[in-house]
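Work through the exercises below with the model open beside you. Try each task before reading its solution.

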Amino acid sequence: MFIVNDRSIDPAAEVAPAAARLADPEAHRIALHLKDTAAMLATILRLRDAGAGVFPIHPDMPAELARAMAGRAGCDLFLGDDGIETLPGAGAPVAGRLVHLSSGTTGHPKVIARPWESIETEIASYVAAFTVPDGMTPVIACPITHSYGLIPGVMVGQRRGQVPVVLDTLNPKYILRRLAEIEAPILYTSPAMLHTLACLTPPDRPIHAAMTSGTTLPQSWFQRIRARTGQLFQQYGCSEAGCVAINPALEAASEIGHPLPHFDVAAGDAAESPAEIVAETATPDGPLRIASSDLGWRRKDGMLVFVARMDDMINVAGLNVYPQEVEQTALSLTGIDDALAFRIEDPLAGARVGLIYQGGEVEPDAIRGWCRERLAGFQQPAMVRRVEAIPRQANGKVNRREVSARFARAAEAVAVDL
């Protein structure tokens, strides 16, 4: 059983008829493009149990684009609202996997196909290591076509014996109303939606519990969300391996979690010497090694602490500057609501720090003075500019390269002595 919005669903009654009639689903990799959330989820679960390959596609994706995506993902069948069709030119599919497309480093779609056995390992490890939500009802306010909503949200909830509640609306007031109607909910949603909900939540009626994932929360968002959430959790992972680590009591956005027991995770051994976070685990296809391109370190208690994306680090005359350190310093000045540090070109040092901020009446010179007292010379922002809003993506992430291209001009930088 599961619930969609306020409707209880019997999965057996909602499976897409074409999927129910398949004689040998385990021989196929099937793209699902269904508008109805209940039918989509019921069909995913039915095909998983049958050992089929499943590629869920968001219902808002245009049909022709969805078919093209299905072809790239190695699907031989396309199941939409009008029935099932064979995709032309499809080879012998590798079934028994959950499939999705993820943007690779070149920007070209990358096919991620995880064996159902690996997902079962993830679910068992997740439930065993993260026991705080035992007894909580998972409320999934994010797409079930994405692994985050489907695996930790729906499948983990079912493994705990709960009836997941899937909300297929982006209306924050409706989400808050449903949370208020459910005893002890744990909310799975995007950082951006969680931030919106926190802004609308009265201080005396906080969200019972919430999980965040996908990116470390911007400090301004974290403070607001933490103040409006009874229990706040964070999970860290990647498309190829699923959830790698969970923080069961999030008190600092950078503390991304304790690794799940089926992973070996390496990182730096101190805040002063971070290293790339690398996760390794066994899969039915052999050992899987994930180099994250994230810099981090492990505390003595095992907590994994995020420092920066490797390509966000700013090398100033051979000295490393981590943008988060500059941002945290700026945010500690009263009146600063949000801040973002990034790389700007410098003919002498190679690079310097640029800083944009939201801050009402705070002048750039006030920030320069504040940073001068609290940061080393090479960490000082060479350009400081106030903006109406920090340019963030819908999930709260920022693209520092785009920000640098937009705001940074070497001629505009104010010289700062090293």
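**Exercise 1. Strand β19 and its neighbours**

Which residue is the bridge partner of glycine 257 in β19? Then place β19 among its paired strands and judge how covered it is.

*Solution.* Note at the outset that this is a predicted model.

Step 1. Find the partner. Glycine 257 bridges to leucine 304 in β19.

Step 2. Extend to the whole pair. Strand β15 (residues 255-259) runs antiparallel to β19, with 2 bridges between them.

Step 3. Turn to strand β18 (residues 286-298). It is joined to β19 by 5 bridges, and the pairing is again antiparallel. Here arginine 298 has leucine 304 of β19 as its bridge partner. Leucine 304 therefore appears in both pairings, as partner of glycine 257 and of arginine 298.Step 4. Inspect the connection. The hairpin of β18 and β19 has 5 residues between the strands. Within this hairpin, glycine 302 takes a positive phi near 95°.

Step 5. Check burial. In strand β19 (residues 304-309), 5 of the 6 residues are buried, and the strand is mostly covered.

**Exercise 2. The sheet of β22, β23 and β24**

What is the strand order of the open sheet of 3 strands, and which strands form its edges? Add the helices that pack on the sheet.

*Solution.* Build the sheet pair by pair.

Step 1. Start with strand β22 (residues 338-346) and β23. They run antiparallel and share 9 bridges. A hairpin of 3 residues links β22 to β23.

Step 2. Fix the register. Aspartate 346 is opposite glycine 350 in β23. Alanine 341 has leucine 355 of β23 as its bridge partner.

Step 3. Add strand β24 (residues 381-386). It pairs with β23 in the parallel sense, over 5 bridges. Isoleucine 356 is matched with arginine 385 in β24.

Step 4. Read off the order. It is β22-β23-β24, and the pairing is mixed. The edge strands are β22 and β24, each pairing on one side only. On average, neighbouring strands of this sheet are turned by 25° against each other, direction ignored.

Step 5. Place the helices. Helix α11 (residues 364-374) packs on the sheet and touches β23 and β24. Its direction makes about 145° with that of β24. Helix α12 (residues 400-407) also packs on the sheet, touching β22, β23 and β24. The direction of α12 makes about 70° with that of β22.

Step 6. Check burial in β23. Of the 9 residues in strand β23 (residues 350-358), 7 are buried, and the strand is mostly covered.

**Exercise 3. Two helix pairs**

At what angle do α5 and α6 pack, and at what angle do α7 and α8 cross? Describe both contacts by residue and by class.

*Solution.* Take the pairs in turn.

Step 1. Helix α5 (residues 116-129) packs against helix α6 (residues 147-159) at about 70°, and their axes are 10 Å apart. The two helices are therefore roughly perpendicular. α5 passes α6 in a right-handed crossing.

Step 2. List the contact. From α5 come Trp116, Ile119, Glu120, Glu122, Ile123, Ala124, Tyr126 and Val127. From α6 come Ile151, Pro152, Met155, Val156 and Arg159. By class, this contact of α5 with α6 has 10 nonpolar, no polar and 3 charged residues.

Step 3. Move to helix α7 (residues 172-181) and helix α8 (residues 191-200). Their axes come within 10 Å and cross at roughly 75°. α7 and α8 are therefore roughly perpendicular as well.

Step 4. List this contact too. Pro172, Ile175 and Leu176 of α7 meet Met193, Thr196, Leu197 and Leu200 of α8. The contact of α7 with α8 divides into 6 nonpolar residues, 1 polar and no charged.

**Exercise 4. Enclosed or exposed**

Is aspartate 82 buried or exposed? How many residues of helix α10 are buried, and which are they?

*Solution.* Apply the accessibility cut-offs.

Step 1. Locate aspartate 82. It lies in the loop between β5 (77-80) and β6 (83-86).

Step 2. Classify it. Aspartate 82 has 84% relative accessibility, so it counts as exposed; the cut-off is over 50%.

Step 3. Relate it to a distant position in sequence. Glycine 237 is 155 residues apart from aspartate 82 along the chain, and their C-alpha atoms are separated by 35 Å.

Step 4. Turn to helix α10 (residues 323-331). Because 7 of its 9 residues are buried, α10 is largely enclosed by the rest of the structure.

Step 5. Name them. The buried residues of α10 are Pro323, Gln324, Val326, Glu327, Thr329, Ala330 and Leu331.

How values were computed: Residues are numbered from 1 along each chain as its sequence is written. This is a predicted model: local features need pLDDT of at least 70, side-chain atom pairs count only at pLDDT 80 or more; totals for chains, interfaces and linings use all residues. Side-chain values use heavy atoms; hydrogens and water are left out. Axes are lines fitted to C-alpha atoms, for helices over the stretch in contact, and angles run from 0 to 180 degrees between N-to-C directions. Helices (H or I, at least four residues) and strands (E, at least two) are DSSP runs, numbered from the N terminus. Angles under 35 degrees count as roughly parallel, over 145 as roughly antiparallel, 65 to 115 as roughly perpendicular and the rest as oblique. A crossing is left-handed if the near helix is turned anticlockwise from the far one by less than a right angle, and right-handed if clockwise. Contact means heavy atoms within 4.5 Å. Ala, Val, Leu, Ile, Met, Phe, Trp, Tyr, Cys and Pro count as nonpolar, Asp, Glu, Lys and Arg as charged, and the others, Gly among them, as polar. Buried means under 20% relative accessible area, exposed over 50%, partly exposed in between (1.4 Å probe, protein chains only). Two strands pair if DSSP finds at least two bridges between them.
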